[in-house]
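The following exchange examines how terms used for a protein model are justified. Please consult the sequence and the structure while reading.

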Amino acid sequence: MEYLKQRILKDGVIKEGGILKVDSFLNHQIDVEVLNEIGKEFKKRFSDRKVTKILTVESSGIAIAVIAAQYFNVPVLFAKKTESSNMDKNTYESEVYSYTKAKKYKIRISRNYINKEDKILVIDDFLANGSAALGLINLVEAAGAELSGIGIVIEKSFQDGGKKLRKKGINLHSLAEVEFDNENNILFK
Ligand code: 5GP
């Protein structure tokens, strides 16, 4: 996705600890045109798969998943990170280690919105060590649903999340695979 790569080169900022900041178009301010291209590309990459629902995790995954869902014509389900009194108590839960926040947290989805007939496409903004993606896969498995694939906007190929998922035979598509050189330039694989 040349368009996305150019935008990452133009606006991406490398931070300490191998963090890529893209909050001028993806994680804070959102450029809907970029998201639209991302959504179209996911539809193209997963066009051979049956998808009944898109699953992501709050908060940065939601906008991407919602735009992509318009191309798949399916609902979006997002895993919540906090418990709230108005959320169904009947949930599937999983634990995730946050790379950016350096702490563990739980994600949860209501059992009402996923079942074993579902074919789930998991979407997220970044893939680093794979904890968020694996946590989402756990939820899909707990529900007895089928995983159609995983769509990632930016995979950091110097971390091993991609390797872990590919080793499991998961149908993983990352739209941009990035690494950084010694002078803090962004390179694409
Ligand atoms: P993982 O669970 O694969 O280690 O990390 C993926 C999650 O951490 C994503 O949901 C994303 O929100 C966050 N993340 C990991 N690395 C980065 C990064 O370099 N930049 C940003 N903005 N988020 C990241």
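Q: Which residue in S7 is the bridge partner of Lys53?
A: In this predicted model, the bridge partner of Lys53 in S7 is Ile120.

Q: What makes strand S3 and S7 a pair?
A: Two strands pair if at least two bridges are found between them. Strand S3 (residues 53–57) and S7 have three bridges, so the condition of at least two is met. The two strands pair in the parallel sense.

Q: How do you know that S7 and S8 are also joined, and in which sense do they run?
A: Eight bridges join S7 to S8, and at least two are required. The two strands run parallel. As one example, Asp124 has Ile152 in S8 as its bridge partner.

Q: Why is the β-α-β crossover from S7 to S8 called right-handed?
A: The chain passes from S7 through helix H4 (residues 131–142) to S8. The crossover is right-handed because, with the strands pointing away from the viewer, the path from the first strand over the helix to the second runs clockwise.

Q: What makes S7 mostly covered?
A: A residue is buried if its relative accessible area is under 20%. Eight of the nine residues of S7 are buried.

Q: Why are the buried residues of H2 said to line one face of the helix?
A: These residues are Val34, Leu35, Ile38, Gly39, Glu41 and Phe42. Viewed down the axis of H2, they fall within an arc of 165°, and therefore they line one face. On the other side of H2, Val32, Glu33 and Lys44 are exposed.

Key
Residues numbered from 1 in each chain as written. Predicted model: local features only at pLDDT ≥ 70, side-chain atom pairs only at ≥ 80, totals over all residues. Heavy atoms only, no water. Buried < 20%, exposed > 50% of the residue type's maximum accessible area, 1.4 Å probe, protein only. Helix = DSSP H or I, 4+ residues; strand = E, 2+ residues; numbered from the N terminus. Arc of directions from axis to C-beta.
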